[in-house]
Amino acid sequence: MRKGKRIHSFILYSILFALFMGLGLPTVVQASESNAKKGTAQNPYIITTDITYPPFEFQNDKKEYVGIDADIINAIAKDQGFEIEFRPLNFSAGLQALEANQVDGMISAMSINPEREESFDFSDPYYEAGTVMAISENNKEIQSYDDLNGKTVAVKVGTTGATFVEKLQEKYSIKVNQFEDSATMYQDVVSGHSDAVFDDYPVMAYAIQQGLKLQLPLEPEKGDVYGFAVNKGQNAELLDMFNTGLANIKEDGTYDNIIDQYLDSDEKGSQNGFFALIQKNWRELLNGLSKTLLLTVISFAIALLFGVVLGFFAASPYAILRGISRLYVTIMRGLPMLVLAFFIYFSIPELLNIKLTAFIAGVATLTLSSAAYISEQVRGGIEAVSGGQLEAARSLGMSYGKSMVRVVIPQAIKIMIPSLINQFVITLKDTSILSIIGIVELTQAGKIIIARTYSSGSMWIIIGLIYILIITFLTWLSTFIERKMINA
Amino acid sequence: MIEFKNVNKYYGDYHALKNINLSFKKGEVAVVIGPSGSGKSTMLRCINGLEDINDGTLMVNNIDLHANDTNLNSIRKNVGMVFQHFNLYPHMSVIENVTLAPIKVLKQDPEKARQTAEKLLKKVNMLDRKDHYPSQLSGGQQQRVAIARGLAMNPSVLLFDEPTSALDPETIDDVLDVMKKLAREGMTMIVVTHEMGFAREVGDRIIFMAEGQVIEDRDAVEFYENPHDPRAKQFLGKIIHHA
């Protein structure tokens, strides 16, 4: 068959669009990173912290980042007159972000050790803390490290506690459960999955003080020192200011006030009930939900455009277009979304030397992934319209494009709608994966609240119910719209 | 106006059309018959470019169909096609089915296209159903709409690919009556069919195909009364026996 001019331009635009999708976004972002002086309000230092690590860093009821780390860096920034912006990430993700120059500095209760000093430059130590073991409130069995033989221990990936347990494993038979954040790790012991947990003393002491049902049978190990880190050879100026500022706030008493505020408080926290949790945190949950919906709608809209183009490629009579589409779908279908998110957020900035916000990385992840599935649904829809329809239109002299637009697509859309609604719901649920790169959507909002309140039990029920409610509502809404469209 | 010269077509290793030489004149009604797999539908579909040929030349209205610079869309405007399964657009009403191509391809004014369509629907006795959807019509009714849809482009030739073989017996005659009316009005028609009554009544000639070849190409009545080839004899015996 011969192709008309219109088809050529259709293909050309499609390819341009695909290129824009691939290259356009990062370029736009790169352009916005101006060369203004670092540390000003326009171009603040980006500092990563672990959001779920009280008392060093956590969000308070007013959604501000507080804690020993957060307060210290804020006090130093004020003392030295520079501006910072927090980019909260899981501890191990924060390390990767720092290495990838995604952030300028990291203050995250990080022990200074020789391995880390190979990759990062550390400030003067700002806090001294040792690893300590905690067990369940009711546990009377474990009184020394010897009692850990044959037991299961929870640790957080990449922490000093984890290293300490590795050393213990040389002597004892210990099974290790690895976690990404403290709250989940503690919950593992409270709920009896693990027998003991190792974490930094101040963190654990603070959590127990807040009502966590754990106890500390032993004294802390000899202390590690915590330091503020920048990537090796980068941001020397920031490091100098940190050291000077630290000396200043120690001298004027600000430092002691901060530490006392979090560790010497006698106020004992109370465990939250189901409704008290909702009442106290509804604003955060609502914000998380709107972020989830925003991510879903933006990603799905772009994915729909992109997926329709790819779906047309897949159903087109041209082998090269079908090949492009098949290759794309094969790659995306073979890639777990978590890996894709890490690739976009960590690898792309490192490879291309650009910065991406977590939101853009998140949208890109959802878009690229959903587009692959949407394209398959579009292809399926087009192919489900009988070939006779295209032949009938074409044998009346209508071009391929016109035949598709007037005859095939209107029929294909009706076939596709149910599966597109399904894909929308899947995209909405997939947003929860993006909590891993620190986007505070609904799941991450839940994690943050848990980090502050140690109430995983009730909180995950609340989060689950919100997802079910919103998805049921949206499904009902789209079925309603679908029925209207089909009757029209 | 249509001329096949040494045309060959292959599907991979399968030789679907073997050295076809045929020509069709304006105003002629040619009936193509033959057992299934004989290549008759393939031959028909080549005429409006739904199938490409592998070698030989195929001229339609003095345009070489196989040449690289041929715009198939402009040929198809003049070559209407009626399919076995009608292929009406299910999401459009009868009148919309008929007017779509005239408006989109011939750029006719929608009002003028509608008037023409109504005239044609009247001709095929479907005017009273013009606002119905295909799913509300019987097979025979759908096929008559499909004929009106083909006529709406005012083609110089109308191709019929087994137009009655998917129909209930009681609706076949309505479709054949319309086709006979067209034939008598002088429409150029090439009809692949097993309806020997139709062939005898309005066919100018019968082309018998078997195994991708044209075996006989003669006057309709003559062929019917005295087929030469044993395969034609056998075939005729079968379909008349079944009729």
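In this predicted model, Asp128(B) sits in the loop that links helix 4 (110-123) to helix 5 of chain B. With a relative accessible area of 59%, Asp128(B) is classed as exposed, because that class begins over 50%. Glu118(B) is 10 residues away from Asp128(B) along the chain, and the C-alpha atoms of the two are separated by 9.5 Å.

Helix 5 also leads to the partner chain. Helix 5 (139-151) of chain B is one of the elements that give two or more residues to the side touching chain A. The others are helix 2 (72-76), strand 6 (79-82) and helix 3 (94-104) of chain B. By residue class, this side of chain B comprises 15 nonpolar, nine polar and seven charged residues.

Taken as a whole, the contact draws 31 residues from chain B and 18 residues from chain A. Interface size is often expressed as the accessible area lost when the parts come together. For chain B and chain A, the buried area comes to about 2,100 Å², and 55% of it lies on carbon and sulfur atoms. Polar links are also present: seven residue pairs, both members at pLDDT 80 or more, are in polar contact across the interface of chain B and chain A. One salt bridge is found across this interface. Glu391(A) and Arg45(B) form a salt bridge in which the closest N and O atoms are 2.4 Å apart.

Attention now turns to chain A itself. The chain has 488 residues, of which 53% count as buried. Its secondary structure consists of 17 helices and 14 strands. Along the principal axes, the C-alpha atoms of chain A occupy a box of roughly 85 × 50 × 45 Å. Contacts within chain A often link distant parts of the sequence: among those between residues at least 6 apart, 75% join residues at least 24 apart.

An annotated region can be placed on this chain as well. In an unreviewed entry, UniProt lists residues 289-478 of chain A as "domain: ABC transmembrane type-1". In the model, this span is 84% helix and 0% strand, and the C-alpha atoms at its two ends lie 19 Å apart. Glu391(A), the chain A member of the salt bridge with Arg45(B), has a residue number that falls within the listed range of 289-478.

Terms used:
Residues numbered from 1 in each chain as written. Chains lettered and ligands numbered in written order. Predicted model: local features only at pLDDT ≥ 70, side-chain atom pairs only at ≥ 80, totals over all residues. Heavy atoms only, no water. UniProt positions renumbered as here; feature names shortened; annotations may be inferred. Helix = DSSP H or I, 4+ residues; strand = E, 2+ residues; numbered from the N terminus. Contact = heavy atoms within 4.5 Å. Buried area = accessible area lost by both parts, 1.4 Å probe. Salt bridge = Lys/Arg side-chain N within 4 Å of Asp/Glu carboxyl O. Polar contact = N/O pair within 3.5 Å; in protein donor to acceptor, adjacent residues only side chain to side chain. Nonpolar A, V, L, I, M, F, W, Y, C, P; charged D, E, K, R; others polar. Buried < 20%, exposed > 50% of the residue type's maximum accessible area, 1.4 Å probe, protein only.
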